[in-house]
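I opened the notebook to go through one protein chain, from overall shape down to single residues. The entries follow the order in which I looked things up.

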Amino acid sequence: MATCSPGDYLILPRNSHVSATSGMVLSGAMPKYIIPEYNSNWDIAGGVTPSQVLKAMKELKIEGRQAAAILVTSPTYHGICSDLVEIARLCHSHQIPLIIDEAHGAHFGFHPDLPCSALQQGVDLAVQSTHKVLCSLTQSSMLHMKSDIVDREKICRCLQVLQSTSPSYLLLASLDAARAQISENPESIFNQAMKLASYASKTIKSIPGISLLELPIFSNFAAIDPLRLTVGVQNLGISGYEADDILCDKHGIIPELVGTRSLTFAINLGTCREHLDRLMLGLVYLSSTFFQTSKEEGRVEKSESAPFADINISLSPRDAFFASKRKTSITECLGETCGELICPYPPGVPVVFPGEIITEKALNYLLKVKHKGADIRGASDPTLSSIVVCQ
C-alpha cells in the first residue's frame, strides 16, 4: 500500500504468501508474476533470480508500463535464499523499491555461517516474523526500513490503517525481549543451534531412503538456511502427509511444514539435542518400515510440473474480490475466473487466487494434496466439492 497505488504493477513470485495477494486487494495493485524455478522431484519452488526480475521489468516496459515495486520472498519456507544484492542493485538502477518477505529470516546475520540479512544486502523494506526463529510470541513481527526511495510518512499512514488502536502489549514486550536476547551476545547466540543443525544434517544423510534438501538443487541460488532441515521421503513411496501422521502418532514429532514429498523442520534457540535425537529415531523408523518395500514395489512417485506454471489473469485481485460471485461444482469450474483464494496450508501459497482462470493442472493438484491429507484454506467449501467463481 505504501509503494503501489491502484492500477500500479507489482512484480512478485507466483509462490508468494497469501498475504501478498491480500495486499494487492487492499492497494489495488496489479500482479506481474515471476514463475520460480521448480523441482518436481521435491515438489518445491525456489527463489527469484536477478535475470527473472529483469525479464519481468522488460516485459512491462514493452507494454508501456513500469513496476511500482518488486516483492521477493527470501528465504522461502524451505530456506532457499535469493541474490538480494544483485536484485537490489537492479531495482535501484530504475528507482524501484525492493520489498522482502523475510518472514523466516529474522535470525540471518547473527552467525558467520548464516546468510546475510535482507537489510545487509541493500533492500528497502524487509518484513520479519520475529516469532518464527527468534523467541517472541506468535503473531509478533517487525517491519524494517532502510531506503531513500520509500516515503516513511506514507509507511506510517498505511500502518495506521492496518494496525489496531488497542495493541497487545504482551506481543510488543515479547518483541523487545527477543531483541534484548539477541543483542546480549549477537555473535555467538546461534553457535549451539548451528552445531545441532550440522549434527542433524550429517545424521539424516546417513539414513537409507531419506534425503536432505541441499544446494545446488536449484541453479543460481548461493545460500540456504542451515537451520531449516527439509527431509525428503519420496524414496520411501509415501507422501509427506503420511510421514507426518506416523511421526506425530508414534514419536510425538511435529514438523514446521508438510509437503507432498517432504517434511521441513526448524531449529531455533530452544532446540536441544534430545529433540533432534527423537527426530532421528522417527526417521529411522520410517526408513526401516518403508524403504525396502518401496524399492521392491517401485512406489517412488512420478514427477509433475508446478501447479501454478500456467497463469491467465482475467481480473485484478481487487476487482475479483469485490465482484459478484456464485458457487459452482468442482466438475464445472474449469475455465472459470476464481473468486476465492485457495491454498494448502502451510505454507499458505495459493494454488488459485481471485481473478485467475482455474486450470486443470491447478485443480488436479488441489484434489491430490487434499486426498493426501493437506489442510485446504481459503475455500468456502473445504471439501472442494464446489468452488466460488466470479460472475
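What radius of gyration does the protein have, and what would a compact globule with 391 residues have? I was working on a predicted model throughout. The globule value is near 21 Å and the protein has 21 Å, so the two agree.

**Entry: overall.** I read the extent of the C-alpha trace along its principal axes as about 60 × 55 × 40 Å. I found eleven helices and 18 strands. Buried residues are 51% of the 391. I then took the contacts between residues at least 6 apart in sequence, and 70% of these join residues at least 24 apart. The exposed area came to about 17900 Å², with 52% of it supplied by carbon and sulfur atoms.

**Entry: helix α8.** I looked up residues 240-251, which form α8. The distance from its first C-alpha to its last is 15 Å, close to the 16 Å expected for twelve residues. I listed its buried residues as Gly240, Tyr241, Ala243, Asp244, Ile246 and Leu247. A helix of this kind has 3.6 residues a turn, so residues three or four places apart point the same way. Just after α8 I noted Gly252, with a positive phi of about 65 degrees.

**Entry: Ser262.** Is Ser262 buried or exposed? Its relative accessible area is 3%, so I put Ser262 down as buried. Ser262 lies in strand β14, which covers residues 262-266. Setting aside neighbours within four places in sequence, I found Ser262 in contact with Gly240, Leu257, Trp42, Ile44 and the run Thr230, Val231, Gly232 and Val233. Of these partners, Gly240 is also among the buried residues of α8.

**Entry: helix α11.** I repeated the span check on residues 360-371. The end C-alpha atoms of α11 are 16 Å apart, and twelve residues at 1.5 Å each should span 16 Å, so the helix agrees with expectation. Its buried residues are Ala362, Leu363, Tyr365, Leu366, Lys368 and Val369. Just after α11, Gly373 has a positive phi of about 115 degrees.

**Entry: cysteines.** How many disulfides are there? I counted zero. For Cys156 the closest cysteine sulfur is in Cys158, 9.4 Å away, so the pair is too far apart for a bond. Cys390 is in no disulfide either, and its nearest cysteine sulfur, in Cys338, is 7.4 Å away. I also looked up accessibility: Cys156 is partly exposed at 34%, whereas Cys390 is buried at 4%.

Methods: Residues numbered from 1 in each chain as written. Predicted model: local features only at pLDDT ≥ 70, side-chain atom pairs only at ≥ 80, totals over all residues. Heavy atoms only, no water. Helix = DSSP H or I, 4+ residues; strand = E, 2+ residues; numbered from the N terminus. Buried < 20%, exposed > 50% of the residue type's maximum accessible area, 1.4 Å probe, protein only. Contact = heavy atoms within 4.5 Å. Expected span 1.5 Å × (residues − 1). Disulfide = S-S within 2.5 Å. Rg over C-alpha atoms; globule rule 2.2 N^0.38 Å. Areas by Shrake-Rupley, 256 points an atom, 1.4 Å probe, with all protein chains shown as cover.
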